[in-house]
Amino acid sequence: MKKVFKICIFFILFQIVFIPAIAIPLVFYGPFNNTRDMIVTTAMTTMTHQYFATWFLSDEKINEILVANRPQEINELQDVEDIKVSESVDDGVELVDVSSSTFKGYLLIVNDPTRVKLASSPRLGTVGATTSQIVEANDAIGGINAGGFKDDALGTGGKPAGVVIEDGVLKSGDKYSNYAIVGLDNTGRMVISNSMNYTKMKNLNLQSAVTFGPIIIINGQPTIKSGDGGWGIQPRTAIGQKKDGTILMLVIDGRQKNSLGATLKNVQDIFLQYGAYNAFNLDGGASSTMVYDGKVVNSPSDIMGERYVPNAFIITKPKTKE
C-alpha cells in the first residue's frame, strides 16, 4: 500500500513540478518559435497577464518578437477612388458563420454601404452603452462595437480614445492631432489611415470615423506578410469593404473553452477569402460584440455579458423605395 502511495505521489509531483520545468524552457528557449511568439504576443496585448512573457524573456527579446510579427509599415496611400459603389446595389444583409477549429466567428455582409454608419452612446464622454443598446436606440437591424476607449476603474466605456465623427460632426478628439482612423464618406466608401487629421477627414466628407487599428488590408494588399500580426490570440472585431462597396463586419469570440480567439493573420485571411479590398482592426477583447436581428450573435468574453462601449458601427433599415 505504501508503495502504491509513493507511486501516486511521484506522478502528482511529476505533473506539478517536472512537466512545467521541462516545458517552459522548451517553449521559451527551445525550437518552438511559433508557439513562443503566440504566447508572447497574446500576453503582451493584455493588461493583466503580461507576466507570462516578462517572467521568462528580456524586454529586448519581447520587443524583437512583437516587431517581427506586426503588420508591415504602409508606405502607400489608400486609393479611395478604387471603390465603386453601385447606385442600384441590392440592400440585402447576410450573416455568415466563419468559424474554424480554434474559434467561433461571424461575418455580416452588407451589400449597401450607405446603410452602415457610426452611432455613439447617448452619454458619450461620460458613460458608454452596450452594442445592443446602441443598435436598439437607433432602430437599426444590427451592428458591431467600434472604436477604443480610455477605460477607468469603473469600466464605463464612455470616454473614447482618439477621434469620433458621427453624422459628419466631430464628437471627440481635436481638429489638429493626427489619428489612426477608419471611416465612411458620404457615398459609403470606407477610408482607412494610420495618420489623418480632422481637416483631411472633413475634406474627404467623412460622415463616420473612429480610432483604433492597425490596417489589415489596403488597396487589396495584406499588411501581414509574416508572423501572426503581433497581437496574439484574442477576441476580435474588424471591418472591411470590397471593391464594389460591400461592407464586411467581423466578430470572433475568444478567451473561452470552445473559442480561444484569433490572430490578426486569421482576421486578414477571412477578409481576403471574402474579397475585402480594405480592412481595419477595431476594438476587440471583452468589447467584441455582434448584434443582428434583435439578438447578440456571438458570445462576449466578459463575465458580465456585453461590455459598455463608446460607439458601434450599425446597419440601418433599408431605405423606403418610392
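Which residue in S9 is the bridge partner of leucine 184? In S9, leucine 184 finds its bridge partner in serine 208. That contact is a good way into this predicted model, since several other features gather around the strand.

**Confidence first**

The chain has a mean pLDDT of 86, with 77% of its residues at 70 or more. Residues 4–19 are another matter: pLDDT stays under 50 there, and the model has four contacts beyond four places in sequence for that stretch. Where pLDDT is low, the predicted coordinates should not be read in detail.

**Around S9**

Strand S9 covers residues 206–211, and five of its six residues are buried, which leaves the strand mostly covered. S9 pairs with strand S7 (residues 179–185) in the antiparallel sense over five bridges. Strand S5 (residues 164–166) also pairs with S9, again antiparallel, this time over three bridges. One of the residues involved is valine 164, whose bridge partner in S9 is valine 210.

Just before the strand comes asparagine 205, in the loop between helix H6 (198–203) and S9. Its phi is positive, about 60 degrees, although asparagine 205 is not a glycine. Most residues other than glycine have a negative phi, and most peptide bonds are trans. Asparagine 205 has 38% relative accessibility and so counts as partly exposed.

On the other side, the loop between S9 and S10 holds proline 214. The peptide bond joining glycine 213 to proline 214 is cis, with omega at about 5 degrees.

**The aromatic pair**

How many aromatic pairs are there? The count comes to one. Phenylalanine 212 and tryptophan 231 make up that pair, with 6.2 Å from centre to centre and 75 degrees between the planes. Why is it called edge-to-face? Planes over 60 degrees apart count as edge-to-face, and this pair is classed that way. Phenylalanine 212 sits in the loop between S9 and strand S10 (215–218), while tryptophan 231 sits in the loop between strand S11 (221–222) and strand S12 (236–242), so the pair links distant parts of the chain, 19 residues apart. Both rings' residues are partly exposed: phenylalanine 212 has 26% relative accessibility, and tryptophan 231 has 28%.

**Two open sheets**

There is an open sheet of seven strands with antiparallel pairing, in the order S1-S2-S13-S12-S14-S10-S11. Strand S1 (93–97) and S11 are at its edges with a single partner strand each, so one side of each has no neighbour in the sheet. At the S11 end, two bridges join S10 to S11, and these strands run antiparallel. Isoleucine 218 is placed opposite glutamine 221 in S11. The loop between S10 and S11 contains asparagine 219, another non-glycine residue with a positive phi, near 50 degrees. Is asparagine 219 buried or exposed? Its relative accessibility is 11%, so asparagine 219 counts as buried.

An open sheet of five strands, also with antiparallel pairing, follows the order S3-S17-S4-S15-S16. Its edges are strand S3 (116–120) and strand S16 (295–296); each has a single partner strand, so one side of each is left without a neighbour in the sheet. Strand S15 (residues 290–292) and S16 are paired antiparallel over two bridges, with tyrosine 292 opposite lysine 295 in S16.

**Salt bridges**

Side chains of opposite charge can pair when their charged atoms come close. The model has six salt bridges by count, among them these:

| Basic residue | Acidic residue | N to O distance |
|---|---|---|
| arginine 189 | glutamate 81 | 3.4 Å |
| lysine 117 | aspartate 167 | 3.0 Å |
| lysine 171 | glutamate 166 | 3.4 Å |

The bridge between arginine 189 and glutamate 81 ties together distant parts of the chain: arginine 189 is in the loop between S7 and strand S8 (190–196), and glutamate 81 is in the loop between helix H4 (59–69) and S1, 108 residues apart. Arginine 189 counts as buried at 17% relative accessibility.

Lysine 117 pairs with aspartate 167, and here too distant parts are linked: lysine 117 belongs to strand S3, whereas aspartate 167 lies in the loop between S5 and strand S6 (169–172), 50 residues apart. Lysine 117 is partly exposed at 23%, as is aspartate 167 at 48%.

For lysine 171 and glutamate 166, the burial is split: lysine 171 is partly exposed at 45% relative accessibility, while glutamate 166 is buried at 10%. Finally, salt bridges with shared partners join Glu81, Asp185 and Arg189 into one network.

How values were computed:
Residues are numbered from 1 along each chain as its sequence is written. This is a predicted model: local features need pLDDT of at least 70, side-chain atom pairs count only at pLDDT 80 or more; totals for chains, interfaces and linings use all residues. Side-chain values use heavy atoms; hydrogens and water are left out. Rings of Phe, Tyr and Trp (its six-membered ring) pair if their centres lie within 6.5 Å; planes under 30 degrees apart count as stacked, over 60 as edge-to-face and the rest as tilted. Helices (H or I, at least four residues) and strands (E, at least two) are DSSP runs, numbered from the N terminus. Buried means under 20% relative accessible area, exposed over 50%, partly exposed in between (1.4 Å probe, protein chains only). Two strands pair if DSSP finds at least two bridges between them. pLDDT is the predictor's confidence in each residue, from 0 to 100. Contact means heavy atoms within 4.5 Å. A salt bridge is a side-chain nitrogen of Lys or Arg within 4 Å of a carboxyl oxygen of Asp or Glu.
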